[in-house]
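This briefing covers how secondary-structure elements pack in one protein chain. Please look at the model before reading the points.

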Amino acid sequence: MTEQTRLEPLDESTFETVLCVAAHPDDLEYGLAAAVDRWVRAGKTVTYLLVTRGEAGIETMPPAQAGPLREQEERDGAARVGVEVVEFLAGFADGVVEHGLPLRRAIAREIRRRRPDLLVTITYADSFAGGGVNQADHRAVGLAVVDARADAGNRWVFLELVDEGHEPWQVALVLLGADPAPTHFVDVSDHFDAAIASLSAHEAYLSALGPDYPEPGELLGEILGGRSDDLGVRYSVPGRLLG
């Protein structure tokens with residue numbers, strides 16, 4: 001067994017505004033919402049940006065029905081960790097999101113609008129920290145967020161954004177959740193119940209996964225408690241920090 005890398009606590013004094021970007025409703029609720037609850041309770045401003053509405057995510061429900069339902073479940077889940085602003089991009093379809101200029105431009109636009117100190121997204125690695133294969137939309141969005149960070153700060157990339165009134169903005173930090181090579185962690189020991197509540201808001205989606213799928217508390221216990229002995233905290237959100 002390889003020795004785990006020693007993780008450092010995330011220095012939360014380095015940011016006050018956070019933009020969380022994900023491909024689908026429920027992506028942020030598999031652990032990251034616990035950190036969001038901590039930050040919101042500390043007085044930081046956190047907003048969510050979803051690239052799709054997750055309309056292809058329920059096998060038994062057509063996209064026209066699933067999309068609005070999952071959008072509302074995401075808004076409900078966000079509210080349970082204190083997030084009031086949840087926005088969805090237009091023009092990107094669940095399951096077939098591609099990394100490219102349209103996605104980079106759309107995310108860069110929102111970065112310039114929201115002007116965050118910290119960007120949070122899901123890793124673009126081929127596999128998650130636990131070894132599971134990372135889904136294509138996650139990989140495309142994660143990499144696009146990293147690229148859009150640079151795009152947002154460069155006046156001469158996507159000139160139309162300046163014409164729209166969105167001046168360049170330099171993002172100080174990016175945190176990649178569920179990354180197989182984490183560098184930092186957030187202690188969320190006091191935010192486990194909020195994380196469960198946030199994930200539980202995705203009732204229709206979770207129900208469609210079948211009776212054998214783990215309950216939110218069981219699943220989050222595994223995700224957030226995986227490095228408890230190593231870090232000396234009960235629950236944590238690890239991530240790879242890009243400065």
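The points below treat the sheet, then the helices.

The model is predicted: local features need pLDDT of at least 70, side-chain atom pairs count only at pLDDT 80 or more, and totals for chains, interfaces and linings use all residues. Residues are numbered from 1 along each chain as its sequence is written, and side-chain values use heavy atoms, without hydrogens and water.

**Sheet**
- Eight strands (DSSP E runs of at least two residues, numbered from the N terminus) form an open sheet of mixed pairing in the order 1-7-8-6-5-2-3-4.
- Strand 1 (8-9) and strand 4 (86-88) each have a single partner strand (pairing takes at least two DSSP bridges), so one side of each lacks a neighbour in the sheet.
- Strand 6 (residues 173-177) and strand 8 (residues 236-242) run antiparallel and are joined by four bridges; Gly 177 lies opposite Gly 239 of strand 8.

**Helices on the sheet**
- Helix 3 touches strand 2 (17-22), strand 3 (45-50), strand 4 and strand 5 (118-122), where contact means heavy atoms within 4.5 Å.
- The direction of helix 3 makes about 160 degrees with that of strand 2; angles run from 0 to 180 degrees between N-to-C directions, with axes fitted to C-alpha atoms.
- Helix 4 lies across strand 2, strand 5, strand 6 and strand 8, at about 160 degrees to strand 5.

**Helix 3 with helix 4**
- Helix 3 (residues 101-114) and helix 4 (residues 136-153), both DSSP H or I runs of at least four residues, pack at about 55 degrees with axes 8 Å apart.
- Residues in the contact include Ile 107 and Ile 111 of helix 3 and Ala 144 and Ala 148 of helix 4.
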